[in-house]
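Student: I've got a new model to look at. Can you walk me through it?
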Amino acid sequence: MQITNVEARLVSVPLNKIFKGSTYQIDRRCTVVVRIITDEGVYGVGDGTLNGSELMVAEAIQHFTPLLIDMDPQSHVHSCLRQHIDAGATPMSQILLSQTH
């Protein structure tokens with residue numbers, strides 16, 4: 001299985017009520033929905049949101065997409081989890097890593 005495409009969609013939804021703080025106001029909620037598509041028709045969907053930087057995240061995903069094309073998504077997940085564990089991440093990463101091959 002190989003990655004054939006990565007899509008990043010910026011979703012912005014207006015709020016019914018504006019929330020205000022001393023130096024800001026929030027009139028909408030934004031998120032980045034990421035979809036990784038494989039040559040076997042299998043795809044994964046995730047949230048790539050970094051609050052306040054959604055446009056930057058979506059552009060970064062588009063920028064790095066060519067590096068992911070033709071990669072095995074299962075080995076990529078494995079290497080990401082390995083990096084989290086090596087960096088001292090939570091025990092949940094260790095559990096997830098033990099379930100990948």
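Tutor: We'll take the sheet, then the core, then one loop residue. Keep in mind that this is a predicted model.

Student: OK, how are the strands ordered in the sheet?
Tutor: The order is β1-β2-β3. The three strands form an open sheet, and the pairing is antiparallel.

Student: Which strands stand at the edges?
Tutor: β1 (3–20) and β3 (43–47) do. Each has a single partner strand, so one side of each has no neighbour in the sheet. From one strand to the next, the twist averages 20 degrees.

Student: How many bridges link β2 and β3?
Tutor: Five, in the antiparallel sense. β2 covers residues 25–38. V34 stands opposite G46 in β3.

Student: What packs on the sheet?
Tutor: α1 does, touching β1 and β2. The direction of α1 makes about 175 degrees with that of β1.

Student: Now the inside. Which residues make up the largest nonpolar core?
Tutor: There are nine: I3, V6, A8, V32, V34, V57, A58, I61 and L68. β1, β2 and α1 each supply at least two of the core residues.

Student: Which element gives the most to this core?
Tutor: α1, with four residues.

Student: And what does V32 touch?
Tutor: Leaving out residues up to four places away in sequence, its contacts include A8, L10, G46, V57, A58 and I61.

Student: New topic. Where is D70 found?
Tutor: In the loop between α1 (54–68) and α2 (73–86). Phi of D70 is near 75 degrees, a positive value. Most residues other than glycine have a negative phi.

Student: Is D70 buried or exposed?
Tutor: D70 is exposed, because its relative accessible area is 52% and the cut-off is over 50%.

Note on methods:
Residues numbered from 1 in each chain as written. Predicted model: local features only at pLDDT ≥ 70, side-chain atom pairs only at ≥ 80, totals over all residues. Heavy atoms only, no water. Buried < 20%, exposed > 50% of the residue type's maximum accessible area, 1.4 Å probe, protein only. Pairing = 2+ DSSP bridges. Axes fitted to C-alpha atoms, helices over the stretch in contact; angles between N-to-C directions. Contact = heavy atoms within 4.5 Å. Core = buried A, V, L, I, M, F, W, Y, C linked by side-chain atoms within 4.5 Å.
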